[in-house]
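Reader: Please take a close look at the salt bridges in this model. Where do they sit, and what surrounds them?

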Amino acid sequence: MDQSNPVQKRKSSSSRYFIDDKVDNDVEEEKTAEDEDETKQKWKRNKRKDKFAGPAPINKETLKKYKRGEQNTVKHLIDKKHKRNLKNEEHKIKQAEEEAARAELLLTEEAGFLEADEGEETSKISQHELARNVDVTSAQKYFELKLDQFGPYRLDYTRNGRHLVIGGQKGHLASIDWVTKKLIFEINVMETIREVQWLHLETMLAVAQKKWLYIYDHQGTELHCVKTFNDVLRMEFLPYHFLLAATSSVGYLKYLDISVGKEISAYQTKCGRLNVMAQNPYNAIVHLGHSNGTVTMWSPNEKEPLVKMICHPTSVTSVAIDPKGLYMATSGQDRILKIFDVRTYKPLQAYKIGLGATELSFSQRGLLAAAVGNVVEVYKDCCTTAVEKAYMTHRCTWPLSDLKFCPYEDVLGLTHSKGFSSLLIPGAGEPNFDSLEANPYHSKRQRQQWEVKALLEKIQPELISLDPGKIGQVDKITMQQKFKEKQEYLGFDKPHGFVPKHKLKGRSSAGNRQHRRQKVADELTRQKVKASTKQKERKKEQEFTYTSALDRFKRK
């Protein structure tokens with residue numbers, strides 16, 4: 001008995017420990033349940049008191065920048081599927097606008113202009129002084145290339161602003177990565193060069209030589225010789241249509257589709273030598289300046305000009321269109337620079353220039369550069385307001401032959417008979433670039449993918465018009481006219497839509513409803529045809545009168 005007592009004590013103690021553990025677990029479960037209830041209540045209270053509930057608000061002024069036009073109304077639509085699709089599209093457009101407005105915070109670069117102290121003018125600040133006071137990276141963008149053997153030169157920048165091509169009148173052709181100052185290729189074509197133009201990428205460029213048009217690659221190798229384009233003076237490339245527009249000395253305007261290498265149209269303008277040319281980036285319309293003081297607008301779909309404007313009493317020397325396609329700047333031999341509103345074709349501003357502008361160019365931010373002899377003048381906000389003085393000026397040693405702003409850079413390129421000059425123009429370029437549109441830092445793989453995508457999204461030349469927004473609109477007048485003509489031809493109106501009654505047990509499927517609808521429409525059509533034929537027969541009977549030889553003996 002003495003040995004059994006400790007065993008029983010141990011058993012009782014072990015059972016007591018087991019019971020104590022079970023009680024502890026129950027207490028812990030109750031505590032966790034209470035904690036969960038408290039966290040839920042706290043979360044509900046915090047949700048009610050949340051100061052930033054819902055999506056982040058968007059500034060209305062910022063949202064206006066990314067608006068894509070007026071919203072389509074779907075109340076008048078009958079088809080439910082079409083209505084649902086339109087609602088989904090409108091929702092996607094609205095979501096894209098909001099995301100673009102919110103993503104504006106990620107655009108770290110800002111556009112800035114040159115500001116002078118009190119009593120000073122920005123036009124008197126020289127390029128040397130500007131280069132000394134900017135950072136090293138910006139100062140390297142101010143440079144000159146002394147090429148005094150094969151000038152005067154013409155120049156062109158790629159769409160991403162990374163590469164530069166210059167062509168001398170005596171045959172010198174060179175392509176440069178002007179940011180790193182790396183020479184890509186340099187050749188002499190042993191023939192007169194009148195114009196150079198980059199195509200969709202820096203791997204292809206078009207050169208208007210003395211007799212024909214030539215296409216070269218990025219190594220200076222001749223790819224094509226287009227003999228149908230002869231005596232070319234000026235060229236413009238339409239990037240979204242893959243069209244190269246060229247004017248000749250005999251008055252021809254021609255369009256070449258570079259994706260297939262085919263000439264799609266050629267028109268005789270009957271306006272003489274065509275050495276003034278510009279394109280509207282908004283609607284891809286080509287503007288031509290003529291010796292009689294007029295500016296004409298052309299499309300590859302029309303043999304006659306879409307618009308003909310009288311701009312100057314003398315011959316037009318240069319034409320430029322701003323990037324938004326709203327304003328057109330023209331200069332003539334009367335030494336007057338005029339600004340026109342392209343939407344209303346009315347003059348807005350007129351400026352008297354000393355020697356007259358031989359070349360004009362708009363920047364991405366709306367600055368206008370004018371080549372006046374050996375002086376280049378840059379104007380700021382000259383389209384919307386009357387400007388008394390130039391924003392910046394620069395004097396060269398030799399007369400200027402061409403000038404263009406570099407995209408996405410505050411740089412203006414000049415060419416003359418002795419080489420090339422790169423000037424610093426603060427506030428000229430767009431500070432932030434869209435990598436899907438034009439990426440200055442793309443790799444070889446990215447460039448290839450962009451080229452394939454651009455070819456798949458190519459716009460057909462038949463869609464080029466003065467107002468691109470009319471493509472998606474419905475021509476109501478033409479539809480009403482067709483409806484009236486069909487009504488007159490048939491002699492009756494088409495039956496209106498019949499809505500069949502809903503039936504149960506699977507008898508209201510889409511096929512059955514359409515069959516009943518068609519059956520009623522056929523019956524109504526049959527009745528109207530019978531009525532119209534009877535009416536026509538009555539008219540014929542009334543018009544027809546029986547005559548005989550004895551009718552003359554009838555009493556009158």
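Author: What follows starts with the whole chain, goes through the salt bridges, and then turns to their surroundings and the surface.

This is a predicted model: local features need pLDDT of at least 70, side-chain atom pairs count only at pLDDT 80 or more, and totals for chains, interfaces and linings use all residues. Residues are numbered from 1 along each chain as its sequence is written, and side-chain values use heavy atoms, with hydrogens and water left out.

Begin with the frame. The protein chain has 8 helices and 28 strands. These are DSSP runs numbered from the N terminus: helices are H or I with at least four residues, strands are E with at least two. Of the chain's 556 residues, 37% count as buried. Buried means under 20% relative accessible area, exposed means over 50%, and partly exposed lies in between (1.4 Å probe, protein chains only). The chain exposes about 36300 Å², and carbon and sulfur atoms supply 51% of that. Such areas come from the Shrake-Rupley method with a 1.4 Å probe; for residues, only the protein chains shown count as cover. Contacts reach along the sequence too. Among those between residues at least 6 apart, 46% join residues at least 24 apart. A contact here means heavy atoms within 4.5 Å.

Now the salt bridges. The rule asks for a side-chain nitrogen of Lys or Arg within 4 Å of a carboxyl oxygen of Asp or Glu. The count comes to 14.

Take E437 and R159. Their closest N and O atoms are 2.5 Å apart. This pair links distant parts of the chain, 278 residues apart. E437 sits in the loop between strand 28 (419-424) and helix 6 (444-456). R159 sits in the loop between strand 2 (153-157) and strand 3 (163-168). E437 is partly exposed because its relative accessible area is 28%. R159, at 28%, also counts as partly exposed.

Next, D177 and R162. Here the closest N and O atoms are 2.9 Å apart. D177 lies in strand 4 (residues 172-177) and R162 in the loop between strand 2 and strand 3, so this bridge ties together parts 15 residues apart in sequence. Why do both partners count as buried? D177 has a relative accessibility of 11%, so it falls in the buried class. R162 is buried as well, at 16%.

R343 and D341 form another bridge, with 3.1 Å between the closest N and O atoms. The two ends differ in exposure. R343 is exposed at 53%, whereas D341 is buried at 10%.

Some bridges also share partners. R154, E195, E359 and D402 are joined into one network that way. S401 touches two members of that network, R154 and E359. Its contacts also include P152, Y153, T415 and H416, leaving out residues up to four places away in sequence. S401 lies in strand 26 (residues 400-405). It is buried because its relative accessible area is 17%.

A further long-range approach involves A111. This residue lies in the loop between helix 3 (80-102) and helix 4 (127-132). The C-alpha atoms of A111 and G427 are 5.6 Å apart, yet the two residues are separated by 316 places along the chain. A111 touches R365 and P431, again not counting residues up to four places away. At 32% relative accessibility, A111 is partly exposed.

Other charges sit outside salt bridges, in surface patches. Patch residues have over 30% relative accessible area and no salt bridge; like charges are joined within 9 Å, and nonpolar side chains (Val, Leu, Ile, Met, Phe, Trp, Tyr) within 5 Å. Lys and Arg count as positive, Asp and Glu as negative; His and the chain ends are not counted. Each charge is placed at NZ of Lys, CZ of Arg, CG of Asp or CD of Glu.

The positive patch gathers K501, K503, K505 and R507. K501 is in the loop between helix 7 (476-490) and helix 8 (510-543). It is exposed, at 68%. A negative patch is formed by E34, D35, D37 and E38. E38 belongs to helix 1 (residues 4-48) and is partly exposed at 43%.

One nonpolar patch completes the tour. Y240, I459, L463 and I471 form it, with about 340 Å² of accessible area together. I459 lies in the loop between helix 6 and helix 7. At 32%, I459 is partly exposed.
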